[in-house]
Amino acid sequence: MVKEYKVDIVVAGAGGAGLAAAHAASKNGLSVLLLEKLPQIGGNTKISSGFFAVDTEEQRALGLKLSTKEAIDELQRHNHYLSNGALLKNIIEHAKETLEEIKSLGMEIELNRNENTTQFAHLGNPYRGGSYHMYMNKNESYGRIQESLEKQGVQVEFGVTMKSLIQDESGRVIGLQAVTETGQEVYVHAKASIITTGGFGGDKRRVAQVMRTINLRTLGVPSMGEGLTSMEQVGGVNIDGAALIHAAQMAESVVSQETKGKQLAGFNDSPLTQLLLSPLLWVDPQGARFTNEDAVYDTVEWSNAGYGVGGKYYYVMDRATLEDYSKGTDLLISKSGPGASDAKGDFVALADEAVSQGIAFKGATLEELAENAGMDLETFVDTVSEYNQMVAKKEDTSFSKSEASLKYSIEDGPYYAFIAQVVYLGTVGGVRVDKDLRVLDAYNKVIPGLYTGGANAGGYYAPKNYPAYEGLASGFSWTSGYLAGLAAVKDIKNNIY
């Protein structure tokens with residue numbers, strides 16, 4: 001039996017974008033149906049930590065006077081002007097307003113002071129590190145948001161996955177099809193459809209195809225691209241959908257699931273994460289150094305550097321370095337991403353265990369290490385030799401790493417190389433939109449009745465690039481959803497639907 005709804009606006013996806021869209025529509029008196037395939041609201045936005053906005057009351061309370069004009073200029077320059085400037089401007093100018101709206105719904109916010117940023121590369125830059133409005137007590141906050149929306153009249157249905165959009169003969173989108181967890185078909189007839197299903201991060205094959213590498217690791221909720229595909233099917237143009245690469249992890253153990261979960265895989269409580277988050281020597285799979293390892297102090301720059309060599313690299317050290325970490329290194333360990341564990345341990349024993357688990361390689365000589373890790377022997381040996389000379393001189397003549405980070409040479413075997421893999425937290429980017437998040441076709445014409453936001457909306461980022469501004473993706477999600485909801489309200493009330 002088919003289940004049918006008739007509403008003014010249907011919103012598919014209850015992450016930040018969908019919640020904001022539903023709020024914008026319902027507070028303006030329209031009937032709203034909010035569909036979510038998971039059993040709770042929030043999506044990837046709930047995993048995120050905060051909201052990017054400038055000129056807010058939280059910033060002003062600390063004496064910070066950050067202008068939207070300067071934020072727009074910084075982001076445009078960072079994106080090399082590849083972003084949709086009108087969209088970017090509209091988002092930045094309405095982020096503060098959106099922040100106030102979600103606070104009114106029940107989100108508890110606390111500004112992260114720039115001096116407290118975990119992104120050490122952002123110290124002294126309030127636009128990168130002082131615009132992070134942190135979500136506090138998230139479970140309670142999201143519970144209050146759901147309660148507020150339901151009091152406004154939003155009908156929320158969980159366990160419902162979007163399948164496709166419905167068009168009339170003129171090409172106008174007049175609703176959508178979906179399916180429940182039990183397989184029941186759902187038809188929603190609506191004057192406006194706002195698609196905020198969260199990108200395609202759960203589709204590993206599609207991510208590998210777009211990013212041109214099989215080495216990326218995935219986190220986040222299983223968004224499979226239902227909404228993005230549906231919008232493409234009715235004429236939307238995917239201009240920049242890509243993985244939101246975000247830091248790197250240790251490789252997954254190939255032996256023991258129990259051991260892997262306990263201490264050897266990625267972000268966890270293992271002391272070995274201190275090596276991952278240190279500016280040691282990094283080499284690509286061929287054994288060549290490829291970046292200034294101080295990139296580890298910025299989550300985005302770190303992942304970008306790793307992605308530049310295919311999403312997989314090695315961080316290399318000798319036994320003497322491991323012994324120094326066992327005693328407690330004075331090298332500055334990054335807190336980027338989830339940060340490193342501060343647990344103490346026998347790093348030599350832990351490294352040997354990692355080798356046995358298949359996430360690191362060991363060699364009595366550099367040549368043996370290169371062979372075991374599959375690196376080009378001559379390239380790797382030359383790389384280590386050159387690096388040792390720069391450590392001795394305290395001058396990085398190749399990539400300008402700081403003198404403080406040129407601490408450990410690689411001279412006393414045995415030698416170790418750990419595998420690191422770039423991580424992505426879902427995807428960002430998507431179909432071309434106007435500044436108010438109406439979906440456009442290949443001729444830059446509005447597809448009537450269709451709107452989007454969050455990880456389905458294209459044009460905010462440069463292709464395959466997430467700018468290093470804390471809270472940017474989450475802030476875009478909420479604000480774009482809010483603007484999409486307002487645009488749908490305006491079009492419906494003006495009979496443009």
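## Close-up views of a two-domain model

**View 1. Where the two domains meet.** About 2000 Å² of area is buried between domain 1 and domain 2, and carbon and sulfur atoms give 55% of that. On the domain 1 side, Phe 120, Arg 217 and Tyr 466 lose the most area to domain 2, together making up 36% of what that side buries. Keep in mind while you look around that this is a predicted model. So what stretches of chain are we talking about in the domain assignment? Domain 1 comes in two pieces, 1-240 and 428-492, while domain 2 covers 243-422. Measuring over C-alpha atoms is not needed to find your way, but if you like a number, the centres of domain 1 and domain 2 are 36 Å apart, taken over those atoms. The contact itself draws 20 residues from domain 1 and 26 residues from domain 2.

**View 2. Polar links across the interface.** Zoom in on the contact and look for charged partners. How many salt bridges cross the interface of domain 1 and domain 2? The rule finds two. Arg 217 is worth a stop here: its side chain meets that of Glu 252 in a salt bridge, at 3.4 Å from N to O. Between domain 1 and domain 2 there are also 14 residue pairs in polar contact. On the side of domain 1 that touches domain 2, helix H8 (204-211) and strand E10 (217-219) each chip in at least two residues. That side of domain 1 is made up of eleven nonpolar, six polar and three charged residues.

**View 3. Strand E9 and its partners.** Here the eye should settle on strand E9, residues 185-195. Strand E1 (residues 3-12) pairs with E9 in the parallel sense, over nine bridges. One spot to pick out is Val 11, whose bridge partner in E9 is Ile 194. Strand E17 (residues 446-452) also runs parallel to E9, joined to it by three bridges. There, Ile 195 stands opposite Thr 452 in E17. As background, side chains in a regular strand alternate between the two faces of the sheet.

**View 4. The E8–E9 hairpin.** Which way does strand E8 pair with E9, parallel or antiparallel? Strand E8 (residues 173-180) pairs with E9 in the antiparallel sense, over five bridges. Gln 177 stands opposite Tyr 187 in E9. Four residues sit between E8 and E9 in this hairpin, and Gly 183 in the turn has a positive phi of about 90°.

**View 5. A salt bridge between distant parts of the chain.** The count for the model comes to 26 salt bridges. This view shows one of them: Glu 226 with Lys 37, whose closest N and O atoms are 2.8 Å apart. These two are 189 residues apart along the chain, with Glu 226 in helix H9 (residues 226-233) and Lys 37 in the loop between strand E2 (32-36) and helix H2 (43-47). In general, side chains of opposite charge can pair when their charged atoms come close.

**View 6. Two backbone details in loops.** Start at Gly 413 and Pro 414, which are joined by a cis peptide bond with an omega of about 5°. Pro 414 has its place in the loop between helix H16 (377-393) and strand E15 (415-428). Then move along to Leu 437, in the loop between E15 and strand E16 (438-440). Leu 437 is not a glycine, yet its phi is positive, at about 75°.

Technical notes: Residues are numbered from 1 along each chain as its sequence is written. This is a predicted model: local features need pLDDT of at least 70, side-chain atom pairs count only at pLDDT 80 or more; totals for chains, interfaces and linings use all residues. Side-chain values use heavy atoms; hydrogens and water are left out. Domain bounds come from an automatic or database domain assignment. Contact means heavy atoms within 4.5 Å. Buried area is the accessible area (1.4 Å probe) that two parts lose on being put together, summed over both. A salt bridge is a side-chain nitrogen of Lys or Arg within 4 Å of a carboxyl oxygen of Asp or Glu. A polar contact is a pair of N or O atoms within 3.5 Å; within protein, one must be able to donate a hydrogen and the other to accept it, and residues adjacent in sequence count only if both atoms are side-chain atoms. Ala, Val, Leu, Ile, Met, Phe, Trp, Tyr, Cys and Pro count as nonpolar, Asp, Glu, Lys and Arg as charged, and the others, Gly among them, as polar. Two strands pair if DSSP finds at least two bridges between them.
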